[in-house]
Amino acid sequence: MSQIEIKEVSKLFKSKKQVVTALNNVTLTINSGDIYGIVGYSGAGKSTMLRLLNGLEQPSRGQVLVDYRDIGQLRGNDLRKYRQKVGMIFQHFNLLWSRTILDNIRLPLELSGMKKAESNQKASELLALVGLSGKEEAYPSQLSGGQKQRVGIARALANDPMLLLCDESTSALDPQTTDEVLELLAKINRELGVTIVLITHEMAVIRKICHQVAVMENGQVVEQGDVLKVFSEPQEAVTKRFVQQEVVPNYGNPLLKLEDLAKEKREGVLVQVTFKGNQATQPLISKMIKASQVDVNVIQGQIQALQKGSVGTLLIELLGQKTSIEKALIYLEKQEEVSLEVAVYEGN
Ligand SMILES: Nc1ncnc2c1ncn2[C@@H]1O[C@H](COP(=O)(O)OP(=O)(O)OP(=O)(O)O)[C@@H](O)[C@H]1O
C-alpha cells in the first residue's frame with residue numbers, strides 16, 4: 001500500500017549541447033491500492049516517471065511524495081531501504097540466465113540478508129503464488145515468455161513491496177499471455193493490496209486492469225482520471241487516438257454513422273445508444289423489447305469491457321407500431337448512464 005503524490009515535477013536532462021525536458025510540471029495523485037496506468041507514445045516521459053518513483057532519478061523541480069516522504073531527498077541507506085520496498089517488473093524480464101528460477105526469485109532476498117533456508121521457503125511460496133510450482137530448478141531459457149514474466153513478478157514481490165512498478169511488462173508477450181499476466185497482476189493487487197503503477201503504450205492494457213489512467217504527451221500529463229470516464233469521454237486528441245486503438249472497426253470497414261444511415265430509405269427509427277458504467281452489461285435491449293413490444297434490428301455494436309463496467313455504442317433500428325417505438329424510446333431515455341441519438345429517414 002502506498003499513497004503517491006507527484007507535485008509540480010519537472011525533470012530536465014542537461015548535456016553540453018542541449019537540455020531535454022523529459023517531464024514538464026507534472027502533478028498527479030495515485031491512491032493507495034490502485035492500479036494506475038500511465039499511457040503515452042514513445043518519448044512522452046513514462047520511463048522517466050517510473051525512474052523518479054523508484055528513486056533512480058531525482059526531480060529537477062517539484063516533489064515525489066510516497067506515503068508523505070519526499071523520495072527525491074532520500075540518500076544512502078534510506079534510499080536503499082526505500083528501493084527494497086519498490087518492486088520492478090521489466091518488459092524483457094531481466095532474469096539471470098545462469099541462475100535457476102528459485103535462485104532468481106531469491107536474489108533480492110539474498111541481497112537484503114535473509115538466511116538461505118528462509119529465502120528458499122519464501123521464494124517457493126512466491127512461485128506458487130504466480131502459478132509456477134514445480135519450476136524451482138528450471139532455468140529461464142526453459143520457460144515461455146509468459147512464464148518468465150511470472151518469475152519476474154515473483155521476484156518483484158520478494159521483499160513484500162508496497163509499490164509495484166511495471167515497465168511495459170506485457171509488451172513482449174502475445175495477446176493471450178498478456179491477458180494471463182494482467183490477470184495475475186490484478187490478483188496480486190486484490191490479494192496483497194499492493195499499489196501498482198504501470199506504463200504502457202497500449203490502451204488495451206489500461207482497459208483490462210487499470211482503475212485510473214494518466215495520458216502523457218511531451219512530458220506532460222494531458223488527461224487523467226477514472227478509466228471509465230477517460231474511455232467514454234476522451235477530451236484530448238492524443239487520448240482519442242489511444243481510445244481509437246481499441247475500436248475494432250467492423251473487420252476493416254469504416255464504422256457506420258447515424259447521419260449517413262438516416263439518408264437511406266428505412267421503415268423504422270434509427271437510434272444510436274451510447275452507454276457507460278454497469279448499463280452495458282445489463283440486458284438493456286431485451287428489457288426494452290419486453291417493455292415495448294418493438295422489433296429491433298441491430299446494425300452495429302461495439303462494447304469495451306473495463307475494470308469497472310463498460311462503455312459502448314449500439315446502432316439499432318426500431319420497427320413496429322408508432323406507440324411501441326415511442327415506448328421503447330421512453331424506456332431507453334429513463335435508463336441511467338445511457339444516452340440516445342435518434343434519426344428518422346427524411347423522406348418518411
Ligand atoms: N538519461 C537521459 N538523458 C537525456 N535525455 C533523456 C534521458 N532519459 C530520457 N531522456 C529523454 O526524455 C524524454 C522522455 O523519455 P522517456 O524515456 O521518459 O519516454 P517514454 O515515454 O518512456 O518513451 P519510451 O516508451 O520510448 O521509453 C525523451 O525525449 C528522451 O530522449
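The end C-alpha atoms of residues 4–243 lie 26 Å apart, and this span is 38% helix and 27% strand (helices, H or I, of at least four residues and strands, E, of at least two are DSSP runs, numbered from the N terminus). The structure is a predicted model, where local features need pLDDT of at least 70 and side-chain atom pairs count only at pLDDT 80 or more, while totals for chains, interfaces and linings use all residues. Residues are numbered from 1 along each chain as its sequence is written, and side-chain values use heavy atoms, with hydrogens and water left out.

**Exercise 1.** State which residues surround the ligand, and sort them by class.

Solution. Step one: list the shell, meaning residues with a heavy atom within 4 Å of the ligand. The list is Phe13, Val20, Ala22, Tyr41, Ser42, Gly43, Ala44, Gly45, Lys46, Ser47 and Thr48. Step two: apply the classes, in which Gly counts as polar. The shell has 5 nonpolar, 5 polar and 1 charged residues.

**Exercise 2.** Find which helix or strand gives the most residues to the shell.

Solution. Step one: strand E2 (19–30) and helix H1 (46–53) each supply at least two shell residues. Step two: H1 gives the most, with 3 residues.

**Exercise 3.** List polar contacts of the ligand (pairs of N or O atoms within 3.5 Å), then give its buried share.

Solution. Step one: ligand oxygen atoms lie 3.0 Å from a polar backbone atom of alanine 44 and 2.9 Å from one of glycine 45. Step two: a ligand oxygen is 2.5 Å from a side-chain N or O atom of threonine 48. Step three: alone, the ligand exposes 630 Å², of which the protein buries 57% (Shrake-Rupley method, 1.4 Å probe).

Key: A polar contact is a pair of N or O atoms within 3.5 Å; within protein, one must be able to donate a hydrogen and the other to accept it, and residues adjacent in sequence count only if both atoms are side-chain atoms.
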